[in-house]
Amino acid sequence: MRGRGRPRVPDEIHRLHGTYRADRHGDPATKPAAEKKAPKCPKDFNDEQRAVWRRLSAVLKPLGLLSVTYADVMTLFVRGYCRYLQAEKEVDERGIVLVSPKLTADGKPMTYTDEQGTIRHLEVRKTNPAQIEARLLRGQLCAMLSNMGLVPSALSKIKDDARSPSEKPLELVG
């Protein structure tokens, strides 16, 4: 039964890491080759999404991973990343915990009188839904980055001879 275990590492990643072996990974002539041209940014993207698309493309191109076959993965990543930023912004504005008055069945706030005779409202505290969404998106984005080979541990395995002198790791960050 397929689909169990670790996901298969693409041959391009093996070549970058210097772990590609024809006897293990098969003859490249028998595998469909990915078109090495940059995918087009989806037309329905807003300005923020386009900027993230360009940044991701700039990282993938020197690694030799930018091709039209990655267009769907890039689209999912960009949409998820922008949603993550939006959720984090809402958490920054409203806080991790939301406080609202506890209401009676008829919609009026529940109150009580404290020891000093002051009328107080009962409060309900709950986790901000944006915090939950941000946590879920963060996990999904980390998994996508790992599958694309873009986490620091994967980038550190790339052999220097697989890159041209102008594609050194520090220049990708800058």
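## Exercises on a predicted model

The accessible surface of the protein (Shrake-Rupley method, 1.4 Å probe) is about 12600 Å², and carbon and sulfur atoms account for 54% of it. The model is predicted: local features need pLDDT of at least 70, side-chain atom pairs count only at pLDDT 80 or more, and totals for chains, interfaces and linings use all residues. Residues are numbered from 1 along each chain as its sequence is written, and side-chain values use heavy atoms, with hydrogens and water left out.

**Exercise 1.** State which residues touch the most other members of the largest nonpolar core, and which helix gives the most to this core.

*Solution.* A nonpolar core is a set of buried Ala, Val, Leu, Ile, Met, Phe, Trp, Tyr and Cys residues joined through side-chain atoms within 4.5 Å; buried means under 20% relative accessible area with a 1.4 Å probe, protein chains only. The largest core has 25 residues, and Leu 56, Leu 60, Leu 65, Met 74, Phe 77, Val 78 and Leu 150 touch the most other members. Helix 4 gives the most, seven residues.

**Exercise 2.** Describe how helix 3 and helix 4 pack.

*Solution.* Helices are DSSP runs of H or I, at least four residues, numbered from the N terminus. The angle between helix 3 and helix 4 is about 130°, and their axes, which are lines fitted to C-alpha atoms over the stretch in contact, lie 10 Å apart. Helix 3 is therefore oblique to helix 4, a class left after under 35 degrees (roughly parallel), over 145 (roughly antiparallel) and 65 to 115 (roughly perpendicular). Contact (heavy atoms within 4.5 Å) involves residues including Trp 53 and Leu 56 of helix 3 and Met 74 and Phe 77 of helix 4.

Note on methods. Buried < 20%, exposed > 50% of the residue type's maximum accessible area, 1.4 Å probe, protein only. Helix = DSSP H or I, 4+ residues; strand = E, 2+ residues; numbered from the N terminus. Axes fitted to C-alpha atoms, helices over the stretch in contact; angles between N-to-C directions.
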